[in-house]
Structure formats: structure tokens, C-alpha cells
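Please open the model in your viewer and keep the sequence panel beside it, since this tour moves from one selection to the next.

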Amino acid sequence: MHQDGAFEHIDALAFDTLAVRAGQRRTNEQEHGDPIFPTSSFVYASAAEAASKFAGDEPGNIYSRFTNPTVQAFERRLAALEGGERCVATSSGMAAILSTALALLEAGDEIVASRSLFGSTVSLFDKYLGKFGITTRYVELGNLEEWAAALTPKTRLLFAETPSNPMSEVVDIAQLSKLAKEQDAWLAIDNCFLTPALQRPLELGADLIIHSATKYLDGQGRAIGGAVVGRDKELEEVFGVVRTCGPCLSPFNAWIFLKGLETLGLRMKAQSENALQLAQWLDAHPAVVRVHYSGLESHPQHELARRQQRGFGAVLGVEIKGEREGAGR
Ligand SMILES: *Cc1c(COP(=O)(O)O)cnc(C)c1O
């Protein structure tokens, strides 16, 4: 351990060990579990210490909108699991996307995004970023020619969810990252559905990872939260937005996510295995027209999904005979 209690040499450890140990910082009590710091602000030994911390000359916590030890533990753990230099936690997944956009984009910039996106992400791009002169073009997720054709010199951000919900389409992240680099734009991947247990987009060339911690990182339906992971350079800008504009994560929720991460690998493996069994069963069912799941060999991008992912995740789409009424029944 470091003198300040944070574990060192942690990057060399296996995923499941990182999931319980990365970012952990023990107090002098030497507690076994992660402590919670439910405090708005922090005290100083002297006025001089306060002044130097506020000026940024000395590290340390000042106010929990800026930094909080429990939130930092979650950020360090998730950064380690994604293989990123830094993580900034946010109050929700949507706050993670908004903070990233506010940090990196300005009026006149363009986003190119996959057509199949989480609904609120589309509203955020069109209704809210649109108000401030940032425009978004949508393309077919798996069609790299369409991505390439949509890019212009004003494109600053490529944004995708892979596999998509609910059609389970997949995009080649390494190829998409090449397109982004040619245009000097960032590639952000919303990694909610696979999590770093099954897919690590930074290793494939993505610049930024978006998480709704609300989903599998917690995995037990208890709290809303989000995170952005990537390089120091961009994350320092995202941190500035969260610090100033305020969509910070509560220490209570950060603690819940720390507990969620401990079992992430086991849960994602079990859920993927269950989803594959369910997909195979539905695929053979007479009431089913088609199952959309990248884990099925009949899926048009199954080979790509196998190469790029360590599992196929637990979200699948299914078309039922008899249209809407049939599905409802
Ligand atoms: C839920 C979700 C979000 C938004 O996260 P919240 O925590 O609900 O704000 C973003 N992207 C995907 C893929 C999601 O499923």
C-alpha cells in the first residue's frame, strides 16, 4: 500500500481482484470494507492549508461537489477495470453524456451517432445540445461506409452503443476508432450493456467510455449514477464540468456501486450464459419470428462480436408472431 492507504501495483492484478481491491483506501481504523464519507466539506489544520488546497497547490478534499473519498474509490476502481487513466463519476448516466459534451464540444461542432441509441441520449443530442448549435447526424450502427460518409471537418465526436438495444447490432470499434482518428475526432462508446467484464473499448481504440452505473455496475436496482472513463487529458475537462456545474455522484451511491463492482465479473458471466440459453430456446419456439442476439451463430455479426467481446451480454430482442397483439398476449 501507499502511505496514504491506496493500493499500488494494482494494474497487474486480475479483473476479479481489481473489482474488489482497486481504489480501496483504508483509514487508520484498517477497516476491511470500503468506508463511506457522507460529508459535504472537509476541515483544515490551518488557514494556510485551506488556502493552499483551494488554490490547488496541495492535493486534498475541499468540498464533495469537487471530490469525495468514496466517490474517488469508485472512480479508481472503474478506471482500473476499463483500463483507463482516469474516471469521473456523475449523478447519472445521462449526466455522464452531458458532462462529456459540455467538456469537449462547442457551438458549430457536429456529432455523428448510431441511430439505435438510448432514447434520452437522442433527446439530449437533438433537443438540448441542438439549442446550443451542436448538431447530430445518425447512421446505421454497423455500416462503416455510412459513418465515413457522415463525417465532416466539423465532426468532433463519434458516439455509439455496441451491441445495440434491442436489435443487438455490433460495430467494429477498432475500425470506427480509425475513422475518428482520421477526422481528429473523439470516439465515445456507451459500454452499459457489456461493461468492462465483457468488452474493453479503450483497448480497441475508443477515447471515452460512458457508463450508466444504474445498470449492471450496480446490477441490483438500488441507485442512479454514471461515469466517464478515458485519458487524463479529456477527463480533466469532464472533471471541470462536474466540479463547476454540479452533476456529482453522492458518496452513498458511490459506495453501492463499489459493492456492485465486486461481483460484476460473476454476474455478467452468469447473465450472459442465461441470455444465450434463453435466446436459443426462443429461437426454436414456434411463436417466435426472430431473435436478435449477437451470441447466436445465425446473427450476421456473430464473428465480430466473438472477436471484440468476451461475452454477449444479457439484452436480447425478440420478434413475436401476431404483431403487437401477439406480443402483448
Ligand atoms: C440507462 C442508460 C443510460 C442513461 O443512464 P441513467 O443512469 O438512466 O441516466 C445511457 N445509456 C444506456 C445504454 C442506458 O441503458
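Begin with the empty space inside this predicted model: the largest cavity has a volume of about 80 Å³, and a search of the whole structure finds four cavities of 30 Å³ or more.

To find the largest cavity, select Arg65, Phe66, Val71, Glu75 and Ala89, which lie nearest its centre among the 14 residues that line it. Then colour helix H3 (69–82) and strand S1 (86–90), together with helix H9 (232–245), as these are the elements that give two or more residues to the lining. H3 provides the largest share of that lining, with three residues. If you colour the lining by character, you should find eight nonpolar residues, four polar ones and two that are charged.

Next, stay with H3 and turn to the largest nonpolar core, which has 33 residues and draws its largest share, seven residues, from this helix. Select Phe74, Leu78, Leu217, Val229, Leu249, Leu261 and Leu264, the residues with the most contacts inside this core. Besides H3, the elements that each supply at least two residues of the core include helix H1 (15–21), strand S7 (226–230), helix H10 (251–262) and helix H11 (264–283).

Now centre the view on Phe74 and show its surroundings: leaving aside neighbours within four places in sequence, Phe74 is in contact with Ala89, Ala213, Leu217, Gly226, Ala227, Leu249, Ala254, Phe257, Leu258 and Leu261.

Finally, select Leu117, Leu129, Val241 and Val242, which are among the 27 residues of a second, separate core.

Key:
Residues numbered from 1 in each chain as written. Predicted model: local features only at pLDDT ≥ 70, side-chain atom pairs only at ≥ 80, totals over all residues. Heavy atoms only, no water. Core = buried A, V, L, I, M, F, W, Y, C linked by side-chain atoms within 4.5 Å. Buried < 20%, exposed > 50% of the residue type's maximum accessible area, 1.4 Å probe, protein only. Helix = DSSP H or I, 4+ residues; strand = E, 2+ residues; numbered from the N terminus. Contact = heavy atoms within 4.5 Å. 1 Å grid on protein atoms, 1.4 Å probe; cavity = no way out; pocket = protein on both sides within 12 Å on 5 of 7 lines; lining within 4 Å. Points joined across faces, edges and corners; volume = space filled by probe spheres on them. Nonpolar A, V, L, I, M, F, W, Y, C, P; charged D, E, K, R; others polar.
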